Amino acid sequence: MKTALITGITGQDGSYLAELLLEKGYNVYGIMRRKSVVDYGNVEHIKEKINFIYADMTDPISLINAMKISQADEVYNLAAQSFVATSWEQPLATADIDGIGVTNILEAIRIVKPTARFYQASTSEMFGLVQEMPQTENTPFYPRSPYGVAKVYGHWITKNYRESYNMYACSGILFNHESERRGKEFVTRKITNAVARIKFGLQDCLELGNMDSKRDWGHSQDYVQAMWLMLQQENPDDYVIATNETRTVREFVEKAFYYADIEIEWSGTGIDEVGIDKGTGKTVVKVNPKFFRPAEVEVLLGNPQKAETVLGWRRQIDFNNLVKRMAENDLGLIKNSLNK
Ligand code: NAP
Ligand code: F7E
């Protein structure tokens with residue numbers, strides 16, 4: 001039986017990865033932060049099957065302890081302050097957790113069990129102001145947020161430990177991936193949650209920032225498969241995981257309303273743009289400049305060819321299916337909450 005240690009196990013990806021590894025027969029350890037109210041987040045439903053260790057990415061001793069207790073064969077570093085907008089409000093905490101935190105866990109592995117295999121959650125946000133289309137493993141980085149900058153450090157320190165100590169350390173450069181478990185502050189879940197609330201009369205309007213922004217969106221369940229595959233190869237390497245398709249936030253909005261049987265008609269431009277429910281004539285989408293970012297990543301489009309060829313990875317859930325799953329999930333949750 002193999003043993004895995006997952007940081008960020010209570011998050012979106014951590015929960016799907018834990019399910020995947022449990023299905024494969026792994027003994028799963030997860031690190032958890034101490035909170036005033038105990039909260040297992042997205043792994044509440046499988047908490048009995050997981051061995052939890054209290055630790056924090058900013059506390060190296062706690063990570064050494066986690067390695068000593070788990071003696072993990074595979075370590076998946078998914079913990080992060082992952083919300084780009086917050087990284088301008090908490091740039092130092094973001095750097096500590098998402099940047100230095102990677103060195104902390106790599107050192108814990110090097111000291112306790114250097115043969116353990118390591119996965120780092122790198123991100124398409126490192127491409128930021130994109131230098132070529134589509135982006136590949138060789139595209140130069142140009143991060144546009146404190147989050148992106150911290151992640152570039154995490155990416156390079158992972159490569160450096162691979163080259164310095166011959167450790168099996170990989171980075172997955174994952175493009176945006178979403179799910180029914182996505183936090184409600186991220187744009188996709190914000191949209192599907194608002195669509196459901198508008199459908200059931202709990203909210204009048206959805207306020208968004210830059211609707212021209214384009215993202216390459218996949219489903220988290222597909223992307224955690226790629227993480228596992230990266231640690232099963234003969235040699236460690238870095239891979240782009242993406243769908244090779246890009247859509248605007250506006251397209252996501254239209255599609256989400258479509259799955260709630262609402263057709264959207266757009267009117268106006270810039271901050272005056274609105275989305276109108278064709279059936280009722282009501283304005284259900286507005287722009288609020290408070291959601292604009294100090295520096296924006298306007299477009300992302302990833303080429304997953306290397307992962308498809310070397311890892312045999314294929315995404316199963318396409319854009320329509322992703323939006324449908326998220327919209328139907330939120331419609332169901334809101335409906336159930338009203339029936340209680
Ligand atoms: P998420 O849902 O926000 O989960 C983040 C996890 O990190 C949570 O379990 C959180 O614990 C934990 N965490 C935060 N600060 C910590 C700290 N100081 N010490 C220990 N744990 C800490 O993020 P996700 O979407 O699953 O993403 C997983 C990873 O992939 C992240 O590193 C993210 O930056 C990266 N990534 C995500 C995407 C994407 O589109 N989802 C794309 C590329 C890369 P709490 O429950 O205690 O808050
Ligand atoms: O924004 C625009 C916003 O917050 C997507 C994280 O998982 O993926 C995620 O980062 C786009 C941006 O995700 C609103 O300006 C418009 O252009 O859902 P998001 P993100 O910033 O792309 C990467 C790959 C990660 O690594 C990160 O951890 O949507 N947008 N209006 C909005 N975004 C939000 N959140 N809210 C709005 O109202």
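In this predicted model, a nitrogen atom of ligand 2 sits 2.9 Å from a polar backbone atom of Glu 185. That pair counts as a polar contact, meaning N or O atoms within 3.5 Å of each other (within protein, one must be able to donate a hydrogen and the other to accept it, and residues adjacent in sequence count only if both atoms are side-chain atoms). Taken alone, ligand 2 exposes 700 Å², and the protein buries 95% of that; accessible areas come from the Shrake-Rupley method with a 1.4 Å probe, and for residues only the protein chains shown count as cover. Two elements, α6 and β8, give two or more residues to the shell around this ligand. Helices (H or I, at least four residues) and strands (E, at least two) are DSSP runs, numbered from the N terminus.

Side chains reach ligand 2 too. A polar side-chain atom of Thr 123 is 2.7 Å from one of the ligand's oxygen atoms, and an N or O atom in the side chain of Tyr 147 is likewise 2.7 Å from an oxygen atom of ligand 2. In total, 23 residues surround ligand 2, and the closest are Ser 82, Thr 123, Ser 213, Arg 293 and Glu 296. To be counted as near, a residue needs a heavy atom within 4 Å of the molecule or strand. The shell splits into 8 nonpolar, 7 polar and 8 charged residues. Here Ala, Val, Leu, Ile, Met, Phe, Trp, Tyr, Cys and Pro are nonpolar, Asp, Glu, Lys and Arg are charged, and the others, Gly among them, are polar.

On to ligand 1. Of the 24 residues around it, Thr 10, Asp 13, Arg 33, Ser 82 and Tyr 147 come nearest. A polar side-chain atom of Thr 10 lies 2.6 Å from an oxygen atom of ligand 1. Two lysines also take part: an N or O atom in the side chain of Lys 35 is 3.1 Å from an oxygen atom of ligand 1, while for Lys 151 the distance is 2.9 Å. On its own, ligand 1 has 900 Å² of accessible area, of which the protein covers 88%. Elements giving two or more residues to its shell are α1 (12–23), β5 (117–123) and α5 (146–165), and β5 gives the most, with 3 residues. This shell holds 9 nonpolar, 9 polar and 6 charged residues.

Now for the helices. In α8 (residues 249–258), Val 249, Arg 250, Phe 252, Val 253, Ala 256 and Phe 257 are buried, which means under 20% relative accessible area (exposed is over 50%, partly exposed in between; 1.4 Å probe, protein chains only). They all lie on the same side of α8, because they cover an arc of only 160 degrees around the axis, taken from the directions from the helix axis to the C-beta atoms. An α-helix has 3.6 residues a turn, so residues three or four places apart point the same way. The buried residues of α8 pack against several elements, including β13 (264–267) and α10 (319–339).

Val 323 is found in α10 and, at 0% relative accessibility, counts as buried. Leaving aside neighbours within four places in sequence, Val 323 is in contact (heavy atoms within 4.5 Å) with Phe 252, Lys 255, Ala 256 and Tyr 259. Helix α7 (residues 220–230) is mostly covered, with 9 of its 11 residues buried.

Residues are numbered from 1 along each chain as its sequence is written, while chains are lettered from A and ligands numbered from 1 in the order in which they are written. Since the model is predicted, local features need pLDDT of at least 70 and side-chain atom pairs count only at pLDDT 80 or more, while totals for chains, interfaces and linings use all residues; side-chain values use heavy atoms, leaving out hydrogens and water.
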